Amino acid sequence: IDYSGMLLYLAVSAFTPGPNNLMCMYLGATYGLKGSRKFITASMASVFVKALLCGLLNVALASVIPAVVPVLKWVGAAYMLYLAWTMLKSGMKKEAAAEKKGESTYSAGILLQVLNMKSWVAALSLFSVYVVPYTTELTAIVTGAGIMLGLLIVASLSWCLFGRAAIKNVYNKYKLPLSIVMALSLVYCAVTAVL
């Protein structure tokens, strides 16, 4: 296994802006780390399961994915637009309540990862490029999924804490304009997902 190439690829993939990182930043700014914990926990558990599935079913998925990718891209883009709308609406309200709004829930974290094309592509690429060409042993697949999970946990917490520490005060003061910027970022993710 090419661990150096795999770590670099996964680090870039984990820390670059995408639907999960933008949601973590938004939730961190809005609810803090404690209020974001359900979303992050579910999102990370979903990524680990996704990575295991991609590793274990790499050959089968490679034959199925070409037919499924266009559909998943559009569904994923639609969900990103829904998240953008949720952020925009949140920016128009004075008080935010994570549990009432349904933004920081287990189901929101799971749904994001099911529809998140960036992490599907990252997991498929991880195994098709860095693991399966070298070995198909179960320990290597679990190790690859574990490394991906570890980097994504660090990235998600970083984005969440950045949202909390760096923009909390600014966000409270300029909630609507910042919500618009973050929502537009998700719209950009949705557009690029289908292009």
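Which helices each supply at least two residues of the nonpolar patch? In this predicted model, where local features need pLDDT of at least 70, side-chain atom pairs count only at pLDDT 80 or more, and totals for chains, interfaces and linings use all residues, the helices in question are α2 (19-56) and α7 (138-173). Residues are numbered from 1 along each chain as its sequence is written, and side-chain values use heavy atoms, with hydrogens and water left out.

The chain has eight helices and zero strands, helices being DSSP runs of H or I with at least four residues and strands runs of E with at least two, numbered from the N terminus. Of the 195 residues in the chain, 47% are buried, where buried means under 20% relative accessible area, exposed over 50%, and partly exposed in between, with a 1.4 Å probe and protein chains only.

The surface patch consists of Val-49, Leu-53, Leu-56, Leu-57, Leu-138 and Val-142, which together have about 510 Å² of accessible area, computed by the Shrake-Rupley method with a 1.4 Å probe and only the protein chains shown as cover. Residues qualify for such a patch with over 30% relative accessible area and no salt bridge (a side-chain nitrogen of Lys or Arg within 4 Å of a carboxyl oxygen of Asp or Glu), and nonpolar side chains (Val, Leu, Ile, Met, Phe, Trp, Tyr) are joined within 5 Å. Helix α2 gives the largest share of the patch, three residues. Leu-53 lies in α2 and counts as partly exposed because its relative accessibility is 39%.

Met-87, by contrast, is placed in helix α3 (residues 58-91) and is buried because its relative accessible area is 1%. Its C-alpha atom is separated by 9.5 Å from that of Leu-27, although the two residues are 60 apart along the chain.

Turning to the interior, there is one cavity of 30 Å³ or more, a cavity being a set of points on a 1 Å grid over the protein atoms alone where a 1.4 Å probe fits but cannot get out. The largest cavity holds about 140 Å³ of space, the volume being that filled by probe spheres set on grid points joined across faces, edges and corners. Its lining comprises 16 residues, of which Ser-13, Asn-116, Lys-118, Ser-119 and Leu-152 lie nearest the centre; lining residues have an atom within 4 Å of a point. Two or more lining residues come from each of α1 (3-15), α2, α6 (117-131) and α7, and α2 gives the largest share, four residues.

Technical notes: Patch = residues over 30% accessible without salt bridge, like charges linked within 9 Å, V, L, I, M, F, W, Y side chains within 5 Å. 1 Å grid on protein atoms, 1.4 Å probe; cavity = no way out; pocket = protein on both sides within 12 Å on 5 of 7 lines; lining within 4 Å.
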